[in-house]
Amino acid sequence: MNVQTRVSFDHCVIASNDLDRTDAFYRAVFGAEVSKPMELFRQYRIGAHMINVHGPGLPQKAPPELVARLPVMPGNSDLCFAWKGSSAELLAHLAACDVPVTVGPERREGARGQGTSFYFRDPDGSLLEFIVYDEPTGVPSDAD
């Protein structure tokens with residue numbers, strides 16, 4: 001049996017100091033569908049994937065077997081998402097959401113090969129990245 005053919009990514013966890021602010025950010029920037037299954041807990045559905053969000057105090061209230069030994073803290077996540085479109089469209093979208101790009105464009109290796117990456121932060125300071133694949137060559141890069 002090839003385990004790799006049976007495994008795919010489903011969801012990850014981030015933490016937030018202010019769930020309402022984080023909800024608004026992920027709705028605007030990622031088009032996330034936000035659900036609130038319980039107090040201090042959110043689920044952001046983005047395409048076929050999901051981000052679970054722990055609000056302030058959730059790790060202390062949750063059963064210890066359901067949180068990481070060292071719980072995720074606001075601002076300590078680092079996530080990358082693929083953008084289906086051009087770098088120009090991505091930059092226009094981030095500008096419309098008032099999200100400053102902190103690094104990029106830069107050529108990087110992603111899960112599907114080379115792409116052009118742009119880095120920014122969520123309201124708690126977690127590092128976020130959009131990578132653009134299949135873009136024509138000639139995209140500016142800090143390495144060029």
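The following legends describe an overall view and several close-up views of a predicted model of one protein chain.

**Figure 1. Overall view of the protein chain, with three helices and eight strands.** Read from the N terminus, the elements follow the order β-α-β-β-β-α-β-α-β-β-β. Along the principal axes, the C-alpha atoms occupy a box of roughly 50 × 45 × 25 Å. The chain has 144 residues, and 40% of them count as buried. Among contacts with a separation of 6 or more, 49% involve residues 24 or more positions apart.

**Figure 2. Close-up of the largest pocket, with a volume of about 630 Å³.** Its lining consists of 25 residues, and those closest to the centre are His 49, Cys 80, Phe 81, Ala 82 and Arg 112. Two or more lining residues are given by each of helix 1 (19–30), strand 3 (41–46), strand 4 (49–54), strand 5 (78–83), strand 6 (103–110) and strand 8 (127–132). Strand 5 supplies the largest share, with five residues. By class, the lining comprises 18 nonpolar, three polar and four charged residues.

**Figure 3. Close-up of the second largest pocket, which holds about 240 Å³ of space.** The lining is made of 13 residues, and Phe 41, His 54, Leu 58, Leu 66 and Val 67 lie nearest the centre. Eleven of the lining residues are nonpolar and two are polar, while none is charged.

**Figure 4. Close-up of helix 3 (residues 87–96), with its buried residues Ser 87, Leu 90 and Leu 94.** These three residues lie on the same side of helix 3, because they cover an arc of only 60° around the axis. An α-helix has 3.6 residues a turn, so residues three or four places apart point the same way. The other side of helix 3 carries the exposed residues Ala 88, Ala 95 and Ala 96. The partners against which the buried residues of helix 3 pack are helix 1, strand 5, strand 7 (113–121) and strand 8.

**Figure 5. Close-up of the aromatic residues, which form nine aromatic pairs in the structure.** One of these pairs joins Phe 30 and Phe 81 in a tilted arrangement, with 4.4 Å centre to centre and 50° between the planes. Phe 30 belongs to helix 1 and Phe 81 to strand 5, so that the pair links distant parts of the chain, 51 residues apart. Both Phe 30 and Phe 81 are buried. The two residues also belong to one aromatic cluster, formed by Phe 25, Tyr 26, Phe 30, Tyr 44, Phe 81, Trp 83, Phe 120 and Phe 130.

**Figure 6. Close-up of Pro 59 in helix 2 (residues 58–61).** Pro 59 has a relative accessible area of 17% and therefore counts as buried, the limit being under 20%. Leaving aside residues up to four places away in sequence, Pro 59 touches Val 67 and Pro 71. Val 67 is also one of the residues nearest the centre of the second largest pocket. Pro 59 is separated from Glu 106 by 47 residues in sequence and by 36 Å in space, C-alpha to C-alpha.

**Figure 7. Close-up of the cis peptide bond between Gly 104 and Pro 105.** The omega angle of this bond is about 5°. Pro 105 has its place in strand 6. Strand 6 is also among the elements that give two or more residues to the lining of the largest pocket.

**Figure 8. Close-up of two residues with a positive phi, Leu 40 and Asp 98.** Most residues other than glycine have a negative phi, and most peptide bonds are trans. Leu 40 has a phi near 70° and is found in the loop between strand 2 (33–38) and strand 3. With a relative accessible area of 16%, Leu 40 is buried. Asp 98, with a phi of about 55°, follows helix 3 and lies in the loop between helix 3 and strand 6. Its relative accessibility is 69%, so Asp 98 counts as exposed, the limit being over 50%.

How values were computed. Residues are numbered from 1 along each chain as its sequence is written. This is a predicted model: local features need pLDDT of at least 70, side-chain atom pairs count only at pLDDT 80 or more; totals for chains, interfaces and linings use all residues. Side-chain values use heavy atoms; hydrogens and water are left out. On a 1 Å grid over the protein atoms alone, a cavity is a set of points where a 1.4 Å probe fits but cannot get out, and a pocket is an open set with protein on both sides within 12 Å along at least five of seven lines; lining residues have an atom within 4 Å of a point. Grid points are joined across faces, edges and corners, and a volume is the space filled by probe spheres set on the points. Helices (H or I, at least four residues) and strands (E, at least two) are DSSP runs, numbered from the N terminus. Ala, Val, Leu, Ile, Met, Phe, Trp, Tyr, Cys and Pro count as nonpolar, Asp, Glu, Lys and Arg as charged, and the others, Gly among them, as polar. Buried means under 20% relative accessible area, exposed over 50%, partly exposed in between (1.4 Å probe, protein chains only). The arc is that of the directions from the helix axis to the C-beta atoms. Contact means heavy atoms within 4.5 Å. Rings of Phe, Tyr and Trp (its six-membered ring) pair if their centres lie within 6.5 Å; planes under 30 degrees apart count as stacked, over 60 as edge-to-face and the rest as tilted.
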